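Me: I'm new to this one and would love some help reading it. Could you walk me through it step by step?

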Amino acid sequence: MIKNSFKSILLTLSIAMLPFLMNGQPSIAEGKTLFKNNCASCHAKNMKSKATGPALGGAVERWTADYPIEDLYSWVRNSQKLVSIGHPRAVQLYNEWNKSVMQPAEFLTDDNIASLFLYIDDVFINGGKKQVVNGESVAEVESETPAWLYYLLFGFLAILALILARITSNLNFIASEKEGGTYERKTLWQTLTSKSVVGFVLFALVLFGGYTTVNNAVNLGRQEGYAPKQPIEFSHETHAGLNKIDCQYCHDGARRSKHSVIPAANTCMNCHKAITVGSKHGTAEITKIFASIGFNPNNNLYIDNYEDLSTEEVEAIYTKWIGDNYLEEADLQELDKEGKRVVADQWNNIYTSLTNDQKTKVQGPIEWVRIHNLPDHVYFNHAQHVTVGKLECQQCHGAVEEMEVMQQHSPLSMGWCINCHRQTEVKFADNAYYNSYEKYHEELKSGDRDAVTVEDIGGLECQKCHY
Amino acid sequence: MSKNSIWIGEKDLTQDESFLESVEQEFKSPNVLENSDVITDQSSNRRDFLKYLGFGVGAATVAAGCDIPIKRAIPYVIKPDEIVPGVATYYASSYVEGGDYCPILVKCREGRPIKVEGNDLSTMTHGGTSARAQAAVLGLYDTNRYKNPQHKSDKEFSDISWADLDKAIIEKLGAAKNVRIVTNTNISPSSNEAIKEFVAAYPSTKVVTYDPVSSSAMLEANEMSFGDRVIPGYRFDKADVIVSFNADFLGTWISPIEFANQYIKNRKVSGPKSKMSRHVQVESHMSMTGSNADYRILIKPSEQGEAIAFLHGQITGTGGGSQLNDKAKAGLTKIAAELKAAKGQSLVVSGSNNTYEQVLINDINNVLGNYGMTLGFSDASYQRQGNEGNLDALVSEMNGGRVDALIVMGANPAYDFAKADAFKNSLEKVATKIAVNYQPNETTALCNYIAPTHHFLESWGDAEPKRGQYSIIQPTIRPLFKTRQGEASLLTWANSSAYDTNAEQPYLDFIKAYWKSNMFGNQSEFASFQGFWDNALHDGVLGGQGSGTEKTFNVDVSLAKSKVSKPSNSELEIVFYETANMGNGQFSTNPWLQEMPDPVARTTWGNYLAVPVNFDGNKKFIGFNGLNDGDLAELTVGDEKFTLPVVKQFGMAPGTIALALGYGRSNAGKCGTGVGVNVNKVLTMSEGMTQYYSDQVQVSGTVGKEDHFSCVQYHHTIGVKATNNDGDRINADEATLGQTAYGVGITGYQGSLTERSVIYNSTLKDLPKKLAEMQKKRDIAKHLNDATLYPFDEYTENLYSQGHHWGMHVDLNSCIGCNACTVACVAENNVPVVGKKEVSRHHEMTWLRIDRYYFGEAENPNVVYQPMMCQHCDNAPCENVCPVNATNHSSEGLNQMAYNRCVGTRYCANNCPYKVRRFNWLDYTTADIFPGNQPTLNSEEIPFGADNLTRMVLNPDVTVRSRGVIEKCSFCVQRIQEGKLTAKSEGRRLQDTDVRTACQSACPTGAITFGDRNNKKGDLSKLWNSQMNYIALEEVNVQSSVNYTMKVVNRDESLDA
């Protein structure tokens, strides 16, 4: 009975909890997800700066000063509706932002929008720090296997071995006592320095040493997990993950060339002519693109004869931009001490990122650190894999859309290539090129063969990659 | 000795002992004890080895402990639309060097030109190229180029700015009373327009044009005969009988790519019923064209006038040429009959530089009715315009102090003019001497201003090689240095109103304006000029129909006949000739061309005195004066003495020796300076025309040995027979087979040499018989091959029957030995240049060589060229012996070479029956990261390709090999892979045109065909199934993937008598 009633209470409780779990009350966490999915492509993440759309921090206060909150909510759901009925604030905003239309989001409930604004205010006022820290630290604890557990286990086993050794020794002692012989009891030191122990330790060391040496030798020159600091703190997570920009929009060589191609600065400018302030780093990183290509964000124009400007002239342009932006964000009229520090730091960072021993000028290409390096005697062609093989980029490069800092996902070793060539099936039926493999086609038809792998058409041969 | 046996040279013919010994060693390594210099130079010993070992281990440890070296990925700031990194772009342009012309496509990678291909759209060359055109891309990255304008003060050149240079020159020119411009032939209409602008600004200016190797007698003769001072257009494809008096029209004469393409159309033989033209060459030394002739009539150089007069007499019935030698008379009498039988379908040409001889040639063609048929003026050629008589006159003018400013544009008269010394002396009397050139030479050294020009791959330009045929030169790279186009310099100094110096590309605007007013109106296809221009730029070539009219022949022939050159009584005469690689020195700064073997003599890095050979009646062929290959001899021509190496040459006229022009440059960078001897200074002029022979000549006996005799003829030989201990010739494979199968015969000859099938040849008449003989031999080979354990048929069925199975075919009748393929292969595959000393040690690295064999009479043999490259054997002997499996076979029938696996045992090269594998003895490319391994080894610097500028020419798709690995022809696997990828991306079957190897696309005569053997309807299958087809060394059962065509000559016994 008791058991049963306990069960029923649990059931009732969970049913009662269900709506809460499903819809819940407005929460910052929910707001964050909603913002990421629906708003972040146009509105700045710091809620303070303008992006494609206005800064959202303080929006509630601005609206509720003159209009009921419902107006704001319907504006969020479908701004055009509000504009069409001539809501004065809506029309004013619409005109202020060059008549660009905000994507409608009719599916948002009032609670959803409330969550959104909770999150927005949280970031606006607290910088969102509390939330983020909590979320991340939880994840870390879960994923980490504690190393101390191994040490504990190792220590335990060592003590056990010692105790067992003592017990054996005692048993031997008792046995020899019984038989009337004399048994000299070995000290701990004697046990440890005995031939068998020393022999075993040496053996173990050689084995371990050999294993490590071979492994390290095999891995020489391999850079799995290599994630160097780049001149620009470019986030693939923001671009490919959050904003869902197609990989080949920037890496446009992948479909037609051996190289996937690091995009030129003018490719960046396709978007960053409009998005001049970053959601995460503000002016600190995006300004580097401007300084490379010679775009003046102060007046949205490219600079004539940019190559010929002196470093001081370049500095003047971009420090003005950084400073102005700081003033706008901090809502100040004049740079305070902090502001001066920010401007100096950012410019310093720009200068050091864009120059090196060989390149003394800020102007010119951004010298990225190359992550994926193949030896010179390896020929690899992206087009073959992307266009013909129809592989996803992620298969070799990992979940780049989740990488804040780009890193090498695969070992890029020959064994790794070969393995994939052994396992991957060729898109045999869809490409008329493969019609010349008549025998395989017959075998496929007759059912003698399930699939044709890359290996079957010579994908393991030396001169497919080495020439 | 039978008339059809093949020999590669005198050493083979006489079974020279040292040669037989050397053919048994794959690699002739220097004997350490004999070559003391090797020991002294090679400073490494055991102790050093330990040091290096210690350093190596230490360095590796340190390196391993350090961070990963940071590599940069540097993108464009603003990416040009047409460039995708990793994908080649092709631009149509034209290779023009004086009168040398070839329409080309320039392959660029990431903005660097790396390879030249022929332009298929050209009606002149049909996509063919020459070795010179192929090598031109290397000139762009020549470290010897001028990088800045220069001014000479106190005998030293110093850099100045363009502004200062222009200011100084304009000042000097303004004050000058007499300005002269010296150039080589200029076929650019816009360039001529620029010169006109210059002349308008400085009206005292006169232009003197001459050619490094003169054809002015032809121009003069045509002026006399037709009133038109041009070279006619030739149509060798329309001629059934071709007689050439010392005109090397396949190698160097006027427009060799065009002529080779035409010539070969009548020379391809597919069976006994094929028609074939007859080509008779009347000459003194074995020229490249002569080596392709069916029959050669040998005359001394001074007999040429008599020979032409004799033929003229025979054709017209007027007599003459009585002093000619009897053998030549007999030959010419017969060929005259053939010419008369082929009226309107014959062609007689001559390389003579005697006006009257050329007039006679004109009359012969006129009487034969050839004008308008096989040659004519409607598409006359502008490729030779020079008149060295004018240059001679200029020298007198300068000596008289009547010239105050001289502009030398591209030309090098201080080296290549017959009176170079007089020219140099007279230069001292000229106040202002301006050189407009792209690299230093003998003439620029004497000037006081240097206005450096772009390389043609950096320039805008146009060309009109023949009347009504135009092509465009467009830049393929931004100028590497502070140079300026020559024409732009002239226009700047002229302060021309047609030239806007503020424009972005002023010379482009100038050309466009010229084309708009002169070319645009002549066509109706395009309504807008921009459309017309864009199309011309895209195609690279324009026009094709001749625009001129035919002329009437009108000249006093009998006067001409009396004025031909007269035979000399001298016992010895020397002939000077131009080679396909060196020209007259214009190309000596190019290491690819220096290392390219002369097609006939097969010598590299220098000019070798070719001496005739005589049979001693017993066993030996003795060189003239007892001289032997590699001996040094003293040559006296006129007052000049030279000491130079000798090469014995078959097919020379008795009492004649020959020496190449274009060597012995004194100011040609580190590649060309001091290579060979300069013979220009012994050339004489007669009636204002340079004569390329002399009878004032003496040759000593042997005075020494050449240090590094770099003739490749006896390197990497195949198919030489073996001799047993009793001196009997034996067939070792058969002996071995007898031993293993039946237990009889001689032992100990496994893998030795045998009576092998390397070349099959025939005359056109004997073809049915010879084909049957060849078939019989092939059947025997097949029979031998059936006794194999190697299950080739099984492999073929299971492995090669689907997908691709690559193969090649080489038509020996089409191959003229020009070496365009060799240089194209070097350019495509990053093959290193090794230098003279290394070549002399058999270390040349070329993947594709052209073997030259003689057959027929020893006194006057025929020649067959056999391009030899890796045969990609499906039963490859090299693969079985590699201890590390570095060379192995692909499912597409490719013999693969994995450089990084190779440990350098060279077993494969030893086991290769075709001798096509090459070993990197030294770090020729400086690919090795340890400086200690980089060669100044053996006291010889290996400078070629080691510089970062020169390395820009490397093909990024091909690995640069380092020291200690074997390499060889890969069938251009990078192109195969690229072609496959194109087909895959487009989702279609691969076509033969998707993959063209570098040698195939370079060939001016279409001798090489590459394709998929599984494509039963392809060109390759057709050729392989032809009755003319054979496999070299078929009997060794290596299942080679390269097949050849039987060589056929249209030689008739009646001509031999």
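Reply: Happy to; we'll take the overall shape of chain A, then its meeting with chain B.
This is a predicted model, in which local features need pLDDT of at least 70 and side-chain atom pairs count only at pLDDT 80 or more, while totals for chains, interfaces and linings use all residues. Residues are numbered from 1 along each chain as its sequence is written, and chains are lettered from A and ligands numbered from 1 in the order in which they are written.

Me: How many helices and strands are in chain A?

Reply: Helices (H or I, at least four residues) and strands (E, at least two) are DSSP runs, numbered from the N terminus. Chain A has 21 helices and 3 strands.

Me: Is chain A compact or spread out?

Reply: The radius of gyration is taken over C-alpha atoms, and the globule rule is 2.2 Å times the number of residues to the power 0.38. For 467 residues that rule gives 23 Å, but chain A comes out at 33 Å, well over it, so the chain is more spread out than a compact globule. The C-alpha trace of chain A spans about 110 × 75 × 65 Å along its principal axes.

Me: How many residues of chain A are in contact with chain B?

Reply: Contact means that C-beta atoms, placed from the backbone, lie within 7 Å. By that test, 49 residues of chain A meet 44 residues of chain B. H18(A) gives the most to this side of chain A, with 4 residues.

Me: Which strand of chain B is joined to S3(A)?

Reply: Strands pair if DSSP finds at least two bridges between them. Here 2 bridges join S3(A) to the antiparallel strand S2 (residues 72-73) of chain B, and A:Val369 stands opposite B:Arg72.

How values were computed:
Contact = placed C-beta atoms within 7 Å.
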